[in-house]
Amino acid sequence: MGQLNAGIVPVTPFQQNCTILFDMDDKHGVVVDPGGDIDKVLVVLKDNAITAEAIWITHGHIDHAGGAMDLKEALGIDIIGPHAADKSLLDNLENQGRRYGIEGARNCVPDRFLIEGETVSFGGHLFEVLHCPGHAPGHVVYYNRAAKFAHVGDVLFRGSVGRTDLPGGDHATLIASIKDKLLPLGDDIGFICGHGPGGRFGEERRTNPFLT
């Protein structure tokens with residue numbers, strides 16, 4: 001097993017961080033949140049000789065899941081996640097696309113929903129699943145304890161937190177997810193988020209105005 005690495009492909013007009021997590025030695029990995037622009041994602045995989053074994057979804061918003069079915073069909077791989085509480089969002093991605101003017105979005109049918117405490121993996125890289133609602137009811141976070149790394153989707157951002165004015169959002173629930181599940185993992189945990197630059201939990205605990 002080699003080092004865990006990550007590459008980001010900005011997709012959709014929302015510039016969502018579609019993330020390719022992969023092993024540096026065998027170049028096998030997963031694609032997290034392919035919200036759209038799947039041709040771009042496929043080019044990055046090919047140009048870097050990365051074999052995607054699965055698609056992992058953090059939550060059911062269009063910029064994170066709108067391209068998942070196209071990528072599944074292109075690569076013949078399974079869609080894993082999020083929590084089943086986001087099924088209604090995934091069933092209405094096409095309507096979301098019309099609302100936001102995003103063409104080509106398709107309703108998403110995961111091969112497997114996830115629950116708190118499960119694990120997912122590729123190669124020897126094991127990720128714990130944390131159910132972190134608030135931004136979306138079924139939002140999950142993928143946490144790799146060995147690498148001190150988490151993919152937090154739209155739960156937490158550098159200097160901000162996920163919006164809670166969308167269907168199923170709740171600010172108090174979101175803050176509880178961050179404070180009760182993410183920050184206790186440790187100040188040294190690095191994270192990639194759904195939009196913009198990532199960071200470390202310790203910096204957010206100390207300086208994020210939504211958490212202080």
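A residue counts as buried when its relative accessible area is under 20%, and Thr-12, at 6%, is therefore buried in this structure. The structure is a predicted model, and the points below go through its open sheet of six strands, its helix H3, its two largest pockets and several single residues. Thr-12 itself is placed in the loop between strand E1 and strand E2 (16-23), where, not counting residues up to four places away in sequence, Thr-12 touches Gly-35, Gly-36, Asp-37 and Asp-63.

**The open sheet**

- Strands of a sheet pair through backbone hydrogen bonds, and the pairing can be either parallel or antiparallel.
- The open sheet here is built from six strands in the order E6-E7-E8-E9-E12-E13, and its pairing is mixed. Strand E6 (119-122) and strand E13 (199-200) each have a single partner strand and stand at the edges, so one side of each is left without a neighbour in the sheet.
- Strand E6 and strand E7 (residues 125-131) run antiparallel and are joined by four bridges, and within this pair Ser-121 has Leu-126 of E7 as its bridge partner.
- Two residues lie between the strands in the hairpin of E6 and E7, and in this hairpin Gly-123 takes a positive phi near 55 degrees.
- The side chains of E6 alternate along the strand, with Val-120 and Phe-122 buried and pointing to one face, while Thr-119 and Ser-121 point to the other face and are not buried.
- Strand E8 (residues 140-144) and strand E9 (residues 149-153) also run antiparallel, joined by three bridges, and Tyr-143 stands opposite Ala-150 in E9.

**Helix H3 and its surroundings**

- An α-helix has 3.6 residues a turn, so residues three or four places apart point the same way.
- In helix H3 (residues 68-75), the buried residues are Ala-68, Met-69 and Leu-71. These residues cover an arc of only 165 degrees around the axis, which puts them on the same side of H3.
- The elements that cover the buried residues of H3 include strand E3 (28-32), helix H1 (38-47), strand E4 (51-56), helix H2 and strand E5 (78-80).
- After H3 comes Gly-76, which has a positive phi near 70 degrees.

**The two largest pockets**

- The largest pocket holds about 330 Å³ of space. It is lined by 18 residues, of which His-61, Asp-63, Tyr-100, Arg-163 and Leu-166 are the closest to its centre.
- Helix H2 (62-65) and helix H5 (93-100) are the elements that give two or more residues to the lining of the largest pocket, and H5 provides the largest share, with three residues.
- Sorted by class, the lining of the largest pocket consists of eight nonpolar, six polar and four charged residues.
- The second largest pocket holds about 210 Å³ of space, and its lining includes Leu-4, Phe-149, Phe-191 and Arg-200.
- Strand E1 (4-11), strand E12 (190-193) and strand E13 each supply at least two residues of the lining of the second largest pocket, which by class has seven nonpolar, three polar and two charged residues.

**Single residues that bring distant parts of the chain together**

- Gly-29 is placed in strand E3 and, at 0% relative accessibility, counts as buried. Although Gly-29 and Phe-122 are 93 residues apart along the chain, their C-alpha atoms are separated by 6.0 Å.
- Leaving aside neighbours within four places in sequence, the contacts of Gly-29 include Leu-21, Thr-51, Glu-53 and Phe-122.
- His-83 lies in the loop between E5 and helix H4 (87-90), and the C-alpha atoms of His-83 and Arg-112 are 8.9 Å apart, with their positions 29 residues apart in sequence.
- Leaving aside neighbours within four places in sequence, His-83 is in contact with Phe-113, Leu-114, Ile-115, His-131, Gly-138 and Val-140.

**Backbone details in the loops**

- Pro-82 also lies in the loop between E5 and H4, and the peptide bond from Gly-81 to Pro-82 is cis, with omega near 0 degrees.
- Lys-27, in the loop between E2 and E3, is not a glycine and yet has a positive phi of about 60 degrees, and its relative accessibility of 26% makes it partly exposed.
- Asp-37, in the loop between E3 and H1, is likewise not a glycine but has a positive phi of about 50 degrees, and at 37% relative accessibility Asp-37 counts as partly exposed.

Methods. Residues numbered from 1 in each chain as written. Predicted model: local features only at pLDDT ≥ 70, side-chain atom pairs only at ≥ 80, totals over all residues. Heavy atoms only, no water. Pairing = 2+ DSSP bridges. Buried < 20%, exposed > 50% of the residue type's maximum accessible area, 1.4 Å probe, protein only. 1 Å grid on protein atoms, 1.4 Å probe; cavity = no way out; pocket = protein on both sides within 12 Å on 5 of 7 lines; lining within 4 Å. Points joined across faces, edges and corners; volume = space filled by probe spheres on them. Nonpolar A, V, L, I, M, F, W, Y, C, P; charged D, E, K, R; others polar. Arc of directions from axis to C-beta. Contact = heavy atoms within 4.5 Å.
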